[in-house]
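Open your viewer and get ready to click through a few stops. At each one you will select some residues and look at what surrounds them.

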Amino acid sequence: DLRFRGVKGTTGTQASFLTLFDGDHDKVEQLDELVTEMSGFPSAFLVTGQTYSRKVDYDILNALASFGASAHKIATDIRDEEPFEKDQIGSSAMAYKRNPMRCERVCSLARHLMTLAGDAAQTAAVQWLERTLDDSANRRISIPEAFLTADIVLSLLQNIFDGLVVYPQVIARRISQELPFMATENIIMAMVKAGGDRQVCHEEIRVLSHQAARQVKEEGKENDLIDRIRAAPYFKPVVGQLETLLDPKTFVGRAPQQVTKFINSEVKPALAPYAEILARGLKTVELNV
């Protein structure tokens, strides 16, 4: 959608070209169209001043700032799963730490990238009908800096994704700690199906849950809620179903199917125009950490 300013002259009125072509408006328009095409643009602005509207710069930097916000969230969400080199120093002060230096670098640069859109907004807001030095001097810094910052953020993300680490045992431990509490609603529903009273079941679960939570929080022990439920005579009708009710896969809903559909319906079509480039493979990004 990016347009060319076109052949508009010093003030945008095309007066000098109209003089050059002895008042022939058609020739002026033909020249404008020809130069626009030769410059590689699909179209030109029909009305401009001495410069094109700086709202264009604002739109472009807003897109980069939006990417910066996404990059910041990504790096925050996966900060503990980034790659860590064998001899990497996680912290110069505390030797045991493994600070997520790559993700923290992404967040730092992404915040800077987001702020650069403000430069374009202010330049657009105070744009005169002629180009002034406060316009061009700011743009010569903010626009290149935005693209360079976006480029290095992308390089950092590629490096992180290439070496992304997942810890299945840690995930399993976290699930084992929290799943019993998450499963209480499923257990209540199973008891109701077996003929139990929901309010009575809710009270039984509440008491046992608080006992288990107290053991975890005050005594530092493991979550034994399921053992308590198995030992309680009231829950005897559903004891045989507990393994099924505690299956983690039953708590993810349609998340796997949603992700598959998202990739097929949105990600793959978005990447399709770049299939030839992607087929050549991505250059490995190396970082000093």
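**Stop 1: A charged network in helix H9**

Start by selecting Arg230: at 35% relative accessibility, this residue counts as partly exposed, since buried would require under 20% and exposed over 50%. Keep in mind as you look around that this is a predicted model.

Now add Asp227 to your selection. Asp227 and Arg230 form a salt bridge, and their closest N and O atoms are 3.8 Å apart. Both residues lie in helix H9, three residues apart, which is about one turn of the helix. Next, select Glu243 too: salt bridges that share partners join Asp227, Arg230 and Glu243 into one network. As a rule, side chains of opposite charge can pair when their charged atoms come close.

**Stop 2: Two more salt bridges**

How many salt bridges does the structure hold? There are twelve salt bridges, and two further ones make good next selections.

Select Asp57 and Arg139. They form a salt bridge, with the closest N and O atoms 2.6 Å apart. Asp57 is in helix H3 (residues 55-77) and Arg139 is in helix H5, so this pair ties together parts that are 82 residues apart in sequence. Are these two partners buried or exposed? Asp57 counts as buried, at 5% relative accessibility, and Arg139 counts as buried as well, at 19%.

Then move to Arg79 and Glu104, whose side chains meet in a salt bridge of 3.1 Å, N to O. This pair links distant parts of the chain: Arg79 sits in the loop between H3 and helix H4 (101-125), while Glu104 is in helix H4, 25 residues apart. Colour them by accessibility if you can: Arg79 is partly exposed, with a relative accessible area of 30%, and Glu104 is partly exposed with 35%.

**Stop 3: Asp135 in helix H5**

Go to helix H5 (residues 133-162) and pick out Asp135. Asp135 is buried, with a relative accessible area of 5%. Which residues does Asp135 touch, not counting those up to four places away in sequence? They are Arg54, Thr123 and Gln127. Show the side chains of Asp135 and Arg54, and you will find a polar contact of 3.0 Å joining them. For a distance to try in your viewer, pick the C-alpha atoms of Asp135 and Ala124: they are separated by 8.5 Å, and the two residues are eleven apart along the chain.

**Stop 4: Gln14**

Select Gln14, which lies in the segment before helix H1 (15-20). Gln14 is buried, with a relative accessible area of 17%. Its side chain reaches the backbone oxygen of Val7 at 2.8 Å. Leaving out residues up to four places away in sequence, Gln14 touches Val7, Lys8, Val28 and Asp32.

**Stop 5: The largest nonpolar core**

In soluble globular proteins, nonpolar side chains tend to be buried together. To see such a group here, select Ile187, Ile205, Ile229 and Phe235: of the 19 residues in the largest nonpolar core, these touch the most other members. Helix H7 (184-193), helix H8 (198-219), helix H9 (225-231) and helix H10 (242-245) each supply at least two residues of this core.

Finish by centring on Phe235. Apart from its neighbours within four places in sequence, Phe235 is in contact with Ile187, Met191, Cys201, Glu204, Ile205, Leu208 and Ile229. Show these side chains and rotate the view around Phe235 to look at each contact in turn.

Notes:
Residues numbered from 1 in each chain as written. Predicted model: local features only at pLDDT ≥ 70, side-chain atom pairs only at ≥ 80, totals over all residues. Heavy atoms only, no water. Helix = DSSP H or I, 4+ residues; strand = E, 2+ residues; numbered from the N terminus. Buried < 20%, exposed > 50% of the residue type's maximum accessible area, 1.4 Å probe, protein only. Polar contact = N/O pair within 3.5 Å; in protein donor to acceptor, adjacent residues only side chain to side chain. Contact = heavy atoms within 4.5 Å. Core = buried A, V, L, I, M, F, W, Y, C linked by side-chain atoms within 4.5 Å. Salt bridge = Lys/Arg side-chain N within 4 Å of Asp/Glu carboxyl O.
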